[in-house]
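Open the model in your viewer and keep the selection tool at hand. The tour below goes stop by stop.

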Amino acid sequence: MFARVRQLATRTFDASLAIIERARAARRYPPRTARLERFGAILQTVVPRALVFVDRDYARRIPGLLPAGEPALWRGDEPALGEAPLSAPLEAHLQLTNKCTAGCQGCYTGASAEGAPNEWGLVEWSRAIDALADAGVFHVALGGGESAVLPWLGELVDHARGRGIIPNLTTSGLDGLDRLLPIADRFGQINVSLDGLNDTYAAVRGFDGFARADAAIRALRAKKREIGINVVVTRHNFEELDAIFAYATERRLSEVELLRFKPSGRGARAYEGLRCTDAQHRAFLPTILAAAKRHAIRVKVDCSYTPMLAHHRPAPTLLADLAVYGCTGGDFLVGAKPGGQLTACSFAAPPPALDGHRPKVDALAAYWDAPEAFGAFRRWRAAQEPCASCEYHALCRGGCKVVSAHVTGDLGAPDPECPRVIDHRRDAPDAKPRHHLPVI
Ligand code: SF4
Ligand code: SF4
C-alpha cells in the first residue's frame with residue numbers, strides 16, 4: 001500500500017514538472033496553436049498535450065482564429081470529420097537516415113551501416129520542414145536508421161521549433177548518445193526503442209543490447225522528463241508487457257508506446273516468427289489497461305492496433321472522442337524516406353507515381369489534393385467484407401494496410417490479423433480465401 005502511494009506521488013510530481021518544462025518550451029518556441037479545416041478547426045493545447053477537433057460553430061467562438069469573414073475553406077456544407085482527408089497531415093514521420101549499425105532482425109526499414117542511396121542532408125530536410133510548416137503540420141517524428149548520430153540534428157530541430165513544429169525523436173539509444181544528450185531538451189518527447197528486458201531484448205532484436213539501451217534511457221531521463229520507450233510487441237515479449245511497464249515506472253519514464261509488428265523492411269522476413277498470436281491480439285487491450293493502471297503510467301498504442309481495440313466493442317463514439325483512429329496514413333499522417341520520398345506512413349512503400357513523378361515530402365502541397373494521391377490509403381471507404389459492415393470501419397479504416405499488403409498482396413484487403421476478419425473467414429467458409437496466413 002505504501003509503495004503504491006509513493007509510486008503515485010512520484011508520478012504526480014514528475015508529471016507536474018514535465019508540464020512546467022513543456023510550458024517553458026512553448027514560451028521559448030511557440031508551437032502552432034490552430035489550423036482551419038473544412039469541418040471546423042484543429043486546436044493544439046500544450047497542457048494537456050492534445051490536438052482537439054472542433055466544429056465550425058465552436059471555431060467561430062475562438063477569438064482571433066478566423067480571418068475577417070468566413071474562411072474560403074468553409075464554403076459549402078460542413079462535412080463530418082473523416083468525410084474527406086484533412087487539409088494537411090497532423091504529423092510527419094521523417095526517416096532522416098537509413099544508417100544504423102545495430103542490425104536488428106525485425107528492422108522496419110532494413111537499416112544498414114551504409115544507409116540508403118542519396119540520403120538527404122540538413123538543407124533538404126530544412127526545406128521539407130518549411131513545406132510541412134506551410135501546410136500546417138503540428139508535429140514531426142524524427143527517426144531512422146539512427147538519427148541521433150547526425151551531426152546536424154540539433155540544427156534541424158531548432159529549425160522545426162522556429163517554424164512552430166514540435167519535433168519528437170525515436171532512437172535506439174545504442175549510438176549517438178553523446179551528440180543527443182546536449183540537445184535533448186529541444187525535443188518534445190524522446191522515446192528509446194526497447195523491445196524487451198534482458199534476454200527478451202535479444203530474442204526480439206537478435207542481439208544483446210539491453211544494457212546499452214537501459215544506460216541511454218537513464219542518461220536521457222537525467223536530462224529530461226519526457227522520455228519514454230517504444231515497444232514493438234511480438235510473440236516473445238507479450239507475456240513480459242507487465243514487467244516492461246514496471247521497468248518504465250521504475251525509471252520514471254513519461255510513457256510506454258506500443259507498436260504492432262509490421263512486415264516491412266527486414267521485418268518482412270522476420271514477420272512469421274515474431275508476429276503476435278491471435279490469442280495475444282485478443283488479449284491485448286485488457287492486458288495493457290491492467291498494466292497501465294497497476295504501474296500508473298501513460299500508454300499509447302499505434303494506429304495499427306485499432307482492430308484489436310475494436311474487438312472489445314467499446315462505443316465507437318468513445319473511440320472517436322479519445323481520437324483513436326486506425327489507418328490514417330496519407331491523411332492524418334505521412335512519412336518520408338531518407339531521400340525525401342513521400343509515403344502514406346513510415347512503414348509503407350512510396351505510393352504509385354502520378355504523371356510519372358514520385359512525390360517528395362518537400363512538394364507535399366502539390367501532391368496532397370491530387371485525385372489519386374496515396375492510392376489505396378485514400379480509398380479505404382470502398383471496403384470489402386467484413387470491414388464494410390463493421391461499425392468501427394469509419395475509425396479503423398480496414399486495419400493496417402502494410403500487414404494486408406504483405407500477407408495478401410492487396411493494400412486494400414481487410415487486415416488479416418483483425419479478430420473480426422479472422423472470425424469472418426472461419427464462419428463464412430464460402431468466402432473467397434484471400435490469403436493463407438495461419439491463425440496462430
Ligand atoms: S499502414 Fe496504416 S495502420 Fe499500418 S502503420 Fe501505416 S498508417 Fe498505421
Ligand atoms: S473488420 Fe475491418 S474495419 Fe472492422 S475492426 Fe476489423 S479491420 Fe477494422
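Start by selecting Pro-48. Pro-48 counts as exposed because it has 8 C-beta neighbours inside 10 Å. (Exposed means 12 or fewer other C-beta atoms within 10 Å of the residue's own, buried means 20 or more, and partly exposed lies in between; C-beta atoms are placed from the backbone.) This is a predicted model, in which local features need pLDDT of at least 70, side-chain atom pairs count only at pLDDT 80 or more, and totals for chains, interfaces and linings use all residues. Residues are numbered from 1 along each chain as its sequence is written, while chains are lettered from A and ligands numbered from 1 in the order in which they are written.

Stay there. Pro-48 sits in the loop between strand E2 (40–45) and strand E3 (50–55). (Strands are DSSP runs of E, at least two residues; helices are runs of H or I, at least four; both are numbered from the N terminus.) Now add Arg-22. Its C-alpha is 9.8 Å from that of Pro-48, with their positions 26 residues apart in sequence.

Next, colour the open sheet. It has 9 strands in the order E10-E9-E8-E7-E6-E5-E4-E11-E12, with mixed pairing. (Two strands pair if DSSP finds at least two bridges between them.) Strand E10 (298–301) and strand E12 (342–343) are the edges, each pairing on one side only. Zoom in on E11 (residues 333–336): E11 and E12 pair antiparallel over 2 bridges. Gly-335 stands opposite Thr-343 in E12.

Finish at ligand 2. Of the 15 residues around ligand 2, the nearest are Cys-387, Cys-390, Cys-396, Gly-399 and Cys-418. (A residue is near if its C-beta atom, placed from the backbone, lies within 6 Å.) Helices H11 (306–310), H14 (393–396) and H16 (419–427) each supply at least two shell residues.
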